[in-house]
Amino acid sequence: MSAALHRREVVKALLAQRGDALVVAGLGSTAWDCAAAGDSPLTFPLWGAMGAAAMVGLGLAIAQPARRVLVITGDGEMLMGLGSLATIGVQSPRNLAIVVIDNERYGETGMQATHTAHGVDLAAIALGCRFASARVIRDPKEFDAARLSLLGESGPVLVQVKVVAEKLPLVLPPHDGVVLKERFRKALLGA
Amino acid sequence: MTASDWPREIYEALKRAGVRVVGYVPDAGHKRLIELFLEDREVRCVVLSSEEEGMGLAAGAWLGGERCAVLMQSSGVGNCINVLGMTRECRFPLLVLVTMRGEQGEFNPWQVPMGQATRSVLESMDVAVHRVSVPQEIAAGVAAAAERAFTGNSAQAVLIAQQVIGIKSFQEQTAQ
């Protein structure tokens, strides 16, 4: 399966138009992608807790219903939290969107193939979990429409973006969990 | 208030603590408490497909300015251990109410191993554990744990002994 999109460009384009959206980044490459696009106190990157990114996004979306919440995560991370798609589908938060940057690889551990390399369709699973909208994107032209969906369409939305499997330079966000938590709350809540 | 009202006492303690989000994997021992929250339009109830989702939910809610409590039975505590690493590393407040299985009165031997490991699994990840076995003392224990969690940025679990819940047979459980 050939992919034409590059993950760093996809994430950079999304974050450039984030407005006042709150962002949760799944561990590994998607956290580095977000850091490469520019660090923000309103981006909460996970350094562990694989499989938890979507649920952190749900908690945030429930607490902040007037704000867009965007979860940016990888295919391996999303596969570990498949049950959370069912949980999110039941809650149906209109302000929550998930973008899965799908290189079909476990990028931090030696680029081993994930389930999506074998055809597992995360967007179909999301639709089966009552997401308002979900799709797989392979083409740069499709990505422009998907970007609007991720940042504005009534959720929950999932977009699975097929990207080139490439090993990129690490760009690391701050790693102190207390700092990440406190700066997020200060920027959002002033507390 | 009689001893049989301990679920309502927990509900009132959590309301006083400012809890607005409740994540749960159902348990017979939490049945009444879950029903009380489901009737409360001020509280968002989130049914979880697995217990570790509760740690993510609570973390996200806290980032957004809300207080969350997570309800589960002891058999689900083991599911939480990896995600509890985030809770600890970020010092997220966490309040977990665990109804115990595998203790005195248990009819299912497969519940015993996780029941016996519950405390050590939680403590191994720095979750403070408070076990309550007297109905009249549960709500006070929950209130104290909530205070420590939300004002001290710490992880707290209250274990509710199986003798309080008192399920002794399949017949009695199915009758609930």
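A residue counts as buried if 20 or more other C-beta atoms lie within 10 Å of its own. That cut-off is used in the legends below, which describe a predicted model.

**View 1. Helix α3 of chain B is mostly covered.** Of its 11 residues, 11 are buried. The buried residues begin with B:Glu53, B:Gly54, B:Met55 and B:Gly56. B:Leu57, B:Ala58, B:Ala59 and B:Gly60 are also buried. So are B:Ala61, B:Trp62 and B:Leu63. After α3(B) comes B:Gly65. The phi of B:Gly65 is positive, near 95 degrees.

**View 2. Chain B meets chain A.** The contact takes 28 residues from chain B. Chain A gives 27 residues. On the chain B side, β2, α3 (53–63) and α4 (84–90) each supply at least two residues. Which element gives the largest share of this side? It is α3(B), with 9 residues. By residue class, the chain B side divides into 15 nonpolar, 8 polar and 5 charged.

**View 3. Strand β1 of chain B pairs with β3 and with β2.** β1(B) covers residues 19–24. The strand is mostly covered, with 5 of its 6 residues buried. With β3(B), residues 67–73, the pairing is parallel and runs over 5 bridges. Here B:Tyr24 stands opposite B:Leu71. With β2(B), residues 44–47, β1(B) is joined by 4 bridges, and the two strands run parallel. B:Gly23 stands opposite B:Val46 in β2(B). In general, strands of a sheet pair through backbone hydrogen bonds, either parallel or antiparallel.

**View 4. A β-α-β unit in chain B is right-handed.** The unit is made by β1(B), helix α2 and β2(B). Helix α2 of chain B spans residues 31–38. The two strands of the unit are also paired with each other, in parallel, through 4 bridges.

**View 5. Chain A has 8 helices and 8 strands.** Its radius of gyration is 15 Å, close to the 16 Å that the globule rule gives for 191 residues, so chain A is as compact as a globular protein of that length. The C-alpha trace spans about 45 × 35 × 30 Å along its principal axes. Buried residues make up 51% of the 191 residues. What share of the contacts with a separation of 6 or more joins residues 24 or more positions apart? In chain A it is 73%.

**View 6. Chain A holds an open sheet of 6 strands.** The strand order is β2-β1-β3-β4-β8-β7, with parallel pairing. β2 (43–45) and β7 (133–137) of chain A stand at the edges. Each has a single partner strand, so one side of each is left without a neighbour in the sheet. Neighbouring strands are turned by 15 degrees against each other on average, direction ignored. Inside the order, β1(A), residues 22–25, pairs with β3(A), residues 69–74. This parallel pairing has 4 bridges. A:Val24 has A:Val71 as its bridge partner in β3(A).

**View 7. Helices α1 and α7 of chain A pack on the sheet.** Helix α1(A), residues 7–16, touches β3, β4 (96–102) and β8 (157–162) of chain A. The direction of α1(A) makes about 160 degrees with that of β4(A). Helix α7(A), residues 140–152, touches β3, β4, β7 and β8 of chain A. The direction of α7(A) makes about 150 degrees with that of β8(A).

Key: Residues numbered from 1 in each chain as written. Chains lettered and ligands numbered in written order. Predicted model: local features only at pLDDT ≥ 70, side-chain atom pairs only at ≥ 80, totals over all residues. Rg over C-alpha atoms; globule rule 2.2 N^0.38 Å. Buried ≥ 20, exposed ≤ 12 C-beta atoms within 10 Å, placed from the backbone. Contact = placed C-beta atoms within 7 Å. Pairing = 2+ DSSP bridges. Right-handed = clockwise from strand over helix to strand, strands pointing away. Nonpolar A, V, L, I, M, F, W, Y, C, P; charged D, E, K, R; others polar. Axes fitted to C-alpha atoms, helices over the stretch in contact; angles between N-to-C directions.
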